Amino acid sequence: MSTPPSITVEGLRREFGPITALDGVDLALDGPAIVGIAGPNGSGKTTLIKCLLGLLGPTGGSSAIGGADSLSLSHDDRARIGYMPQHEAVYRDLTVRENLAFFASLYDLPDRERAVDRALSFVDLHERADARISDLSGGMIRRASLACALVHDPDVVFLDEPTVGLDPKLRANMWDAFRRRREAGALILVSTHYLGEVRNCDRVLFLRDGRVLAFDTPTAFLDRTGAEDMEGAFLALLEKEESA
Ligand SMILES: Nc1ncnc2c1ncn2[C@@H]1O[C@H](COP(=O)(O)OP(=O)(O)OP(=O)(O)O)[C@@H](O)[C@H]1O
């Protein structure tokens, strides 16, 4: 895999009528790495991901992937990007394999069948490959969605709350999968509101009310705040900001 494209965000703003979802976000990322986007409900995590992907236009500022503005990503730029949305984005009346074949067909892949098999192995769904999505458990559907996001072997991957609703073992398996992608050279952005999970990330962006509260490594957060876990670190940072 080649070096993943860098991500830059400058003064990014997004308003929805009277609501300010992003309030001047600045960020520079390059990989391979796992970067957590954490923060409470409504802090702007999904809006940030959608702006980065060019699915939402900003009301101010800009963002770019590999130097290309998010709003003008070419087909080739997009072929390097994977996206797992927060809500189920697979076809329920198709099987896992058929979903993967469909997503693979959107890209100019040299060997589609191999890509589908590789994605099935990656999420350990070979045994249920020919089951319809509607017949799978919630955890299996999340894994099928992850496989669809990765079938074209992207080197920058956006995962919006991928572990929501999964049991602890499946969550641990998913984090293992993210680490394997990073080891293969990918830059992975993962949003979560399970603050305990961000301990698995190389760096964590804490958002609050659409602003960057802090951006650092988990160890640095724990050292800085003296907290025992990431939840404690986030609360300490919030308190510090409020008292300032
Ligand atoms: N299409 C929209 N129309 C109006 N308001 C929106 C829209 N999308 C997001 N918002 C608002 O923008 C703010 C940020 O929402 P966003 O979904 O980005 O937060 P989040 O951190 O991803 O939340 P969650 O953890 O609940 O998924 C919220 O106040 C939300 O209500």
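Student: Which element gives the largest share of the shell around the ligand?

Tutor: Helix 1 does, with three residues. A helix here is a DSSP run of H or I, at least four residues, and a strand is a run of E, at least two; both are numbered from the N terminus. This is a predicted model: local features need pLDDT of at least 70, side-chain atom pairs count only at pLDDT 80 or more, and totals for chains, interfaces and linings use all residues. Residues are numbered from 1 along each chain as its sequence is written.

Student: What makes a residue part of the shell around the ligand?

Tutor: Its C-beta atom, placed from the backbone, must lie within 6 Å of the molecule. Residues that surround the ligand include Phe16, Gly44, Lys45 and His193. Strand 2 and helix 1 (45-53) each give two or more residues to the shell.

Student: How do you know which class each shell residue belongs to?

Tutor: Ala, Val, Leu, Ile, Met, Phe, Trp, Tyr, Cys and Pro count as nonpolar; Asp, Glu, Lys and Arg count as charged; the others, Gly among them, count as polar. On that basis the shell has three nonpolar, eight polar and one charged residues.

Student: Why are strand 1 and strand 2 called paired?

Tutor: Pairing needs at least two bridges found by DSSP. Strand 1 (residues 7-16) and strand 2 (residues 19-29) have eight, in the antiparallel sense. In strand 2, Ile7 has Leu29 as its bridge partner, and Thr8 has Ala28. Strand 1 also pairs with strand 4 (residues 60-65), antiparallel, over five bridges. There, Thr8 stands opposite Ala64.

Student: Why do strand 2 and strand 5 stand at the edges?

Tutor: The open sheet has four strands in the order 2-1-4-5, with antiparallel pairing. Strand 2 and strand 5 (68-69) each have a single partner strand, so one side of each has no neighbour in the sheet.

Student: What makes a set of residues a nonpolar core?

Tutor: The set holds buried Ala, Val, Leu, Ile, Met, Phe, Trp, Tyr and Cys residues, joined through C-beta atoms within 7 Å. Buried means that 20 or more other C-beta atoms lie within 10 Å of the residue's own, placed from the backbone. The largest nonpolar core has 62 residues, and Leu100 is one of those with the most contacts inside it. Helix 5 (residues 138-150) gives the most to this core, six residues.

Student: Which residues is Leu100 in contact with, leaving aside its neighbours within four places in sequence?

Tutor: Val116, Ala119, Leu120, Ala147, Cys148 and Val151. Contact means C-beta atoms, placed from the backbone, within 7 Å.

Key: A residue is buried if 20 or more other C-beta atoms lie within 10 Å of its own, exposed if 12 or fewer, and partly exposed in between; C-beta atoms are placed from the backbone. Two residues are in contact if their C-beta atoms, placed from the backbone, lie within 7 Å.
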